[in-house]
Amino acid sequence: MAGTTAPERAGSSSKGGGTLYRGDLGMWSWVAHRITGVLTFFFLFAHVLDTALVRVSPDAYDKVIETYKNPVVNLFEVGLVGAVLYHALNGIRVMLVDFWEKGARYQKQMLWAVLGVWVLVMIPGTYYMMVRTVTDLFGGGH
């Protein structure tokens, strides 16, 4: 190790791969947890700002809210729900790993359970969130 540089040592993982994070599924869940937390924070920040606008100028508030009624924002809303749901479910898993004596032993199974519940909730959730947008865009009976 004496003759190697830091980048050589950093890249010498036996797991291989071409990404910065060479960990297993647990590392990716950690990364996703951080990303969804930051996204949720920025959404809440923007939400507080646009809600505060109603006190300053109700007309401006109405215009901002009207801009939110488009298909692209609806897709972002689905993404937001997915991010918040994953962050919440994974947060419960992290607490169990930290505070349950058997948590570390079952952390991988709990991650698969989190992902399974996330998919089971997101499939109907996405449908119900997108049905009006799809109907408005492509027509359909009301």
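Let me start with confidence: the mean pLDDT of this protein is 86, and 83% of its residues reach 70 or more, and I should say at once that what we are looking at is a predicted model. Among the elements of the protein, helix α4 has the highest mean pLDDT, at 95, while helix α1, covering residues 6-10, has the lowest, at 46. Over residues 6-14 the pLDDT is below 50, and this stretch has 6 contacts in the model beyond near neighbours in sequence. Where pLDDT is low, the predicted coordinates should not be read in detail, and I will turn to the other helices.

As a reminder, two packed helices are described by the angle between their axes and the distance between the axes. Let me take the pair α4 and α5 to begin with, where α4 spans residues 71-99 and α5 spans residues 107-138. Their axes come within 9 Å and cross at roughly 165 degrees, and, since angles over 145 degrees count as roughly antiparallel, that makes α4 roughly antiparallel to α5. The crossing of these two helices, α4 and α5, is right-handed, and, sorted by class, their contact has 20 nonpolar, 6 polar and 2 charged residues.

One residue to look at here is Asn-74, which has its place in helix α4. Is Asn-74 buried or exposed? With a relative accessible area of 7%, Asn-74 is buried, and, once its neighbours within four places in sequence are left aside, it is in contact with Met-129, Met-130 and Thr-133.

Further along helix α4 we find Val-97, which is partly exposed, its relative accessible area being 24%. Not counting residues up to four places away in sequence, Val-97 touches Gly-103, Ala-104, Gln-107 and Met-110. For the last of these contacts there is also a backbone distance, in that the C-alpha atoms of Val-97 and Met-110 are separated by 9.0 Å, with the two residues 13 apart along the chain.

Between α4 and α5 there is a loop, and Trp-100 lies in it. At a relative accessibility of 37%, Trp-100 counts as partly exposed, and its contacts, again leaving aside neighbours within four places in sequence, are with Met-95, Tyr-106 and Met-110. Met-110 is thus a partner both of Val-97 and of Trp-100.

Now to helix α2, residues 25-56, whose axis comes within 9 Å of that of α4, the two crossing at roughly 130 degrees. The helices α2 and α4 are therefore oblique to each other, and their crossing is left-handed. Which residues meet in this pair? From α2 the participants are Ser-29, Ala-32, His-33, Thr-36, Gly-37, Thr-40 and Phe-43, and from α4 they are Leu-80, Ala-83, Val-84, Tyr-86, His-87, Asn-90, Gly-91 and Arg-93. By class, this contact of α2 with α4 has 6 nonpolar, 8 polar and 1 charged residues.

The remaining pair for today is α2 with helix α3, the latter covering residues 58-67; here the axes come within 6 Å and cross at roughly 145 degrees. On the α2 side the contact is made by Asp-50, Thr-51, Leu-53, Val-54 and Val-56, and on the α3 side by Pro-58, Ala-60, Tyr-61 and Val-64. Sorted by class, the contact of α2 with α3 has 7 nonpolar, 1 polar and 1 charged residues.

Technical notes: Residues are numbered from 1 along each chain as its sequence is written. This is a predicted model: local features need pLDDT of at least 70, side-chain atom pairs count only at pLDDT 80 or more; totals for chains, interfaces and linings use all residues. Side-chain values use heavy atoms; hydrogens and water are left out. Axes are lines fitted to C-alpha atoms, for helices over the stretch in contact, and angles run from 0 to 180 degrees between N-to-C directions. Helices (H or I, at least four residues) and strands (E, at least two) are DSSP runs, numbered from the N terminus. Angles under 35 degrees count as roughly parallel, over 145 as roughly antiparallel, 65 to 115 as roughly perpendicular and the rest as oblique. A crossing is left-handed if the near helix is turned anticlockwise from the far one by less than a right angle, and right-handed if clockwise. Ala, Val, Leu, Ile, Met, Phe, Trp, Tyr, Cys and Pro count as nonpolar, Asp, Glu, Lys and Arg as charged, and the others, Gly among them, as polar. Contact means heavy atoms within 4.5 Å. pLDDT is the predictor's confidence in each residue, from 0 to 100. Buried means under 20% relative accessible area, exposed over 50%, partly exposed in between (1.4 Å probe, protein chains only).
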